[in-house]
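Welcome, and please have your viewer ready with selection by residue number switched on. We will stop at a cavity, a pocket, a surface patch and some cysteines.

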Amino acid sequence: MALADAKPMERNEAGIQTAISILKQRFSERLQTGKDIREQHGHTITYIPNQPPDAVIFVKTTHEVQEIVKICLEYEVPIIPFGVGTSLEGGLNAPAGGISIDLSQMNKVLEVNPEDLDCTVEAGVTREDLNTYLRDSGLFFPIDPGANATLGGMAATRASGTNAVRYGTMRENVISLTAVMPNGEIIKTASRAKKSAAGYDLTRLLVGSEGTLGIITEITLRLHGIPEQISSAVVTFPSVEAACNTTILAIQSGIPIARIELLDALYMKAVNDYSNLNYTQAPTLFTEFHGSKQYVSEQIASFSDIAQEFGGADFQWAEKQEDRNRLWKARHNAFYAGLNLRPGAKGIATDVCVPISKLADCVIETQQDIEENNLIAPILGHVGDGNFHAAVLIDMENPKEIEQVEAFIDRLHKRAIKMNGTCTGEHGIGQGKKNYLKLEHGAGCDIMRMIKQAIDPKNIFNPGKVIPDF
């Protein structure tokens, strides 16, 4: 595929086999080389071809990761970190072969500090596991990318999701990291202090580096108090433009919406069919408000006035937890629901993000592009922060259609960048979006390449990802 830079890279065959032999003696049955498990660890739920590693090792401690890194460094063998495999841009593939380090068994909550509103967890803890652990503490971790991803993977990809408009992304919610670096050293990037002016911000350097600079093994995270009142609503609109303009005005008016998600009419049809629901098949906002009872009531009143101004109607409110869970489960299942719009097709879930003032323009132009090219591509967005997704359904056996879809995705990314946005709000770069990084960052890519070369001179950490021409 032209857009996904998933070409095979030169393999160090002798080094790989030597390292596997040594590591097999050390890790025994925790090192697996079966075809199915290797393909699972190169797995991607988008259209990028699978490039499996040569072996998978299930680790339990930071020091085990360190051992593997030192051996792989000696024999110049690539290493690809793996959480639960929710990467969307080929970030788990092994284009030069090598070792996949599976961190899913590093799944302990190490420390919770309620007074400081923070906790420290191992990289394999999932966001749902953490919130289950915190349930009786009155605290929760708000970042919700939809999939039950590991927190290590979420930090590595700078994950975002439905709550980002109120609580920020992983970038704002990671306080410190423990990581194994390409030279085999273990570092801690910061203390638990709420702020620091001490040296370079190594935490932010590793957050979003997609396993190319370090393997994250522990994370210290910000926590938040569970709101006294949570109220969700579904609101329909006469057009996507009206829904976007409602979002823009609500944000500009300072309403602290916790979640505000857009699904276009086609996506609402898919969600209704998949989840056996009966929402109106029209552009729809899924919203949620957090705070005290009085504060939430004020937020709802203000938002309702704005929504009605743009033709919002058919408000359906959910205050009971089971009703909210049902609503948000339907939203989180949207990708899989969309696949049913064209059985047998492959879904390309791509995303962009633009300044909130450009949101309506970008979404409308994208919808026109989809219609003009007769594509099936429902749109969904975390529109409170200008981020939206197009789930393009493609027949992988039709070369002309592949070319047409690639051209559409190319226009979408360039459209967002031209509007002073980004080619990815939360999916990351991986292999799939490498060709757009230079267009977005220009000479900044040269600085990124210099950082990568300085930290990982042998290019063994997740090679072939993020940095163009590297």
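**Stop 1: the enclosed space.** Before selecting anything, keep in mind that this is a predicted model. A search for cavities of 30 Å³ or more comes to a count of one. To find this cavity, select Y47, E89, I348, T350 and I409, the residues that lie nearest its centre among the 12 that line it. The space inside amounts to about 60 Å³.

Now colour two elements: strand β16 (346-353) and helix α15 (399-418), each of which supplies at least two residues of the cavity lining. Which of the elements gives the largest share of that lining? It is β16, with three residues.

**Stop 2: the open space.** Next, clear the selection and pick T86, S87, L88, P145 and A147. These residues lie nearest the centre of the largest pocket, which has 48 lining residues. Its volume is about 1100 Å³.

To see the walls, show these elements as cartoons; each supplies at least two lining residues of the largest pocket:

- the strands β3 (79-82), β10 (215-222), β17 (379-382) and β18 (387-394)
- the helices α5 (151-156), α12 (321-332) and α13 (334-339)

Give α5 a colour of its own, as the largest share of the pocket lining, four residues, comes from this helix.

**Stop 3: a nonpolar spot on the surface.** Switch to a surface view and select Y200, L202 and L205. Together they make a nonpolar patch of about 340 Å². Click on L202, which sits in helix α8 (residues 202-206). Is L202 buried, partly exposed or exposed? Its relative accessible area is 34%, so L202 counts as partly exposed. The patch takes residues with over 30% relative accessible area, and L202 passes that cut-off with its 34%.

**Stop 4: the cysteines.** Finally, select the cysteines and show their sulfur atoms. How many disulfides does the structure hold? The number is zero. For a close look, go to C445 and draw a distance to the sulfur of C423, the nearest cysteine sulfur: the gap is 9.5 Å. A disulfide needs two cysteine sulfur atoms within 2.5 Å, so a sulfur at that distance does not qualify. C445 is also buried, with a relative accessible area of 0%.

End the tour at C119. This cysteine is buried too, and its relative accessible area is 0%.

Technical notes: Residues are numbered from 1 along each chain as its sequence is written. This is a predicted model: local features need pLDDT of at least 70, side-chain atom pairs count only at pLDDT 80 or more; totals for chains, interfaces and linings use all residues. Side-chain values use heavy atoms; hydrogens and water are left out. Patches are made of residues with over 30% relative accessible area and no salt bridge: like charges are joined within 9 Å, nonpolar side chains (Val, Leu, Ile, Met, Phe, Trp, Tyr) within 5 Å. Accessible areas come from the Shrake-Rupley method with a 1.4 Å probe; for residues, only the protein chains shown count as cover. A salt bridge is a side-chain nitrogen of Lys or Arg within 4 Å of a carboxyl oxygen of Asp or Glu. Buried means under 20% relative accessible area, exposed over 50%, partly exposed in between (1.4 Å probe, protein chains only). On a 1 Å grid over the protein atoms alone, a cavity is a set of points where a 1.4 Å probe fits but cannot get out, and a pocket is an open set with protein on both sides within 12 Å along at least five of seven lines; lining residues have an atom within 4 Å of a point. Grid points are joined across faces, edges and corners, and a volume is the space filled by probe spheres set on the points.
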